Amino acid sequence: MENFPWLTTSILLPIVASLFILFIPDKDGKTVRWYALIVGLIDFVILVYAFYTQYDPSNPGMQLVESYSWVPALDLRWSVGADGISMPLILLTGFITTLAILASWPVTLKPKFFYFLMLAMYGGQIGVFAVQDMLVFFLMWELELIPVYLLLSIWGGKKRLYAATKFILYTAGGSLFILVCALAMAFYGDTVTFDMRSLMQKDYPLNFQLLVYSGFLIAYAVKLPIFPLHTWLPDAHGEATAPVHMLLAGILLKMGGYALVRMNVEMLPDAHVYFAPILIILGIVNIIYAALTSFAQRNLKRKIAYSSISHMGFVLIGISSFTDLGLSGAMLQMVSHGLIGASLFFLVGATYDRTHTLILDEMGGVGQKMPRIFAMFTACSLASLALPGMSGFVAEIMVFVGFATSDAYSMTFKVIVITLAAVGVILTPIYLLSMLREIFFGPENKELVSHEALIDAEPREVFIIASLLIPIIGIGLYPKLITQVYDAKTLAVTATLQNSLATMAEQQTRSKPIALQPATAPAIE
């Protein structure tokens, strides 16, 4: 079974299976939803089996590698593989997408087309994390944009066309930078290649690296998202349905973080030395600005959307820390937020299905009618505010400690960054706990209770949240469950960054008199 194409199968299976939905005789969606769920489960089982039998966590190199020639003249290949950076996110994709299909049970509008898009998106998302060819990576990146656009524009809320158009303009515009930068890297030098491992071996001059890094950063800043390219996300979340929420928060944002680590950090380490302080500042802006904005939101979906933007700021700080602990914390934050974000947005959707309002001022006291939803919402909110014993706490403390112990920055800079990031950490429980109070506590809204049937959570909804809370708590109590998957890889990436940092510091020392050295010059022993 070592030569079985595990990753290719996991990418193509849901895409091919989606085509057969058109031939399933089904009018009300009850048959096609079971078909989509079974396909999703089979694909997830394939991923889990391949991980446990074919993946070695102690190996920092690329594993499960498959490579087939496509356009030999350009060295263009269908090349896939997984390492410590991509494997956790591939597993997360299979897990979240399968649960999102189960969350789609109430969909009755054009169910065939809905599940067709869900399965097509399933394959595209795994492809983004698995492909090792830059041009194919671009194609996979574009493939997942189309289903999201259609899912927003057809099944979204009142402003769905505006939200979908804004999403596609931002993300497709950012994608152009990926294509241009990929072509620049591929055609640089004597050989033309799109293979990522071959591109890493090319000797790019610093100015070229800085230019390409800038292009990639713009593209991935849209997806992560990073201020000020974030404004599409609250609008998209504000109009999306619960399953699309889960995919947006659980998977799509992680594509930006993954690509930053894979392209910007790993492939352009010298440029990363110069951009890292900028990323940290942007991370701080994300954390504080989005937390304050979330605190001010009266729309429940937009409040959680800005909370997601705030949490992604820790990813930027972690990948710019130049420490293994910081980078490991950034990876864990992506996995943790994928689980927590998906759970919160699913519960937002479940609450809306019952109250038919997203305005906090129109809610109040519904916890008396929906105690199970209240309990699940409370548990997931506590996970989001980084309660000890849950995954969010471990991820954020790793980022903090990793950055605090970094030798790459002056003590003054580190104190300022940690202080400002701590402000965001303090704001998070304030707006999340106040949100719970406004929804579930206080006097009942008599008009809401009299007009809406506030039915408590059904078994399907309890199962989805339980499935998400188990890994959230499991990782919080025993982080090694996930960190051991990528520890070897983060150590290798950090070592490369440390070498680039030392080289840049040495060049800086040679080019300037000692008396003119800045106080924040990298200090590498």
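I began with T193, which I found in the loop between α7 (160–187) and α8 (196–201). The model I am reading is a predicted one, and I keep that in mind throughout these entries. T193 counts as buried, since its relative accessibility is 5% and the limit for buried is under 20%. I then looked up what the side chain of T193 reaches, and found the backbone nitrogen of D195 at 3.1 Å. Setting aside neighbours within four places in sequence, I listed the contacts of T193 as L74, D75, A186, S198, L199 and K202.

Next I turned to the aromatic rings, for which a search of the whole structure gives 29 pairs. One of these is F322 with Y409, a tilted pair with 6.1 Å from centre to centre and 50° between the planes. F322 belongs to the loop between α13 (300–319) and α14 (324–355), while Y409 belongs to the loop between α16 (391–404) and α17 (411–440), so this pair ties together parts that lie 87 residues apart in sequence. I checked both residues for burial, and F322 and Y409 are each buried.

I looked up a second pair, F374 and F440, whose ring centres are 5.1 Å apart and whose planes stand at 45°, so I entered this pair as tilted too. Here again distant parts of the chain are linked, with F374 in helix α15 (residues 371–384) and F440 in helix α17, 66 residues apart. The two residues needed separate entries for exposure: F374 is partly exposed, at a relative accessible area of 24%, whereas F440 is buried, at 4%. I placed F374 in the partly exposed class because its value is not under the 20% that buried requires.

I also noted one aromatic cluster, which is formed by F113, F114, Y115, F116 and W155.

For charges over rings, I recorded K223, whose charged end sits over the ring of W141 at 5.0 Å from the ring centre. I recorded K301 as well, which lies over the face of Y352 at 5.6 Å from the centre of that ring.

My last entry concerns the cysteines. How many disulfides does the structure hold? With the sulfur atoms of a pair required to lie within 2.5 Å, I arrived at a count of zero disulfides. I looked up two cysteines for burial, and C181 is buried with a relative accessible area of 7%, while C380 counts as buried at 0% relative accessibility.

Definitions and conventions
Residues are numbered from 1 along each chain as its sequence is written. This is a predicted model: local features need pLDDT of at least 70, side-chain atom pairs count only at pLDDT 80 or more; totals for chains, interfaces and linings use all residues. Side-chain values use heavy atoms; hydrogens and water are left out. Rings of Phe, Tyr and Trp (its six-membered ring) pair if their centres lie within 6.5 Å; planes under 30 degrees apart count as stacked, over 60 as edge-to-face and the rest as tilted. Helices (H or I, at least four residues) and strands (E, at least two) are DSSP runs, numbered from the N terminus. Buried means under 20% relative accessible area, exposed over 50%, partly exposed in between (1.4 Å probe, protein chains only). A charge sits over a ring if NZ of Lys or CZ of Arg is within 6 Å of the ring centre and within 35 degrees of the ring normal. A polar contact is a pair of N or O atoms within 3.5 Å; within protein, one must be able to donate a hydrogen and the other to accept it, and residues adjacent in sequence count only if both atoms are side-chain atoms. Contact means heavy atoms within 4.5 Å.
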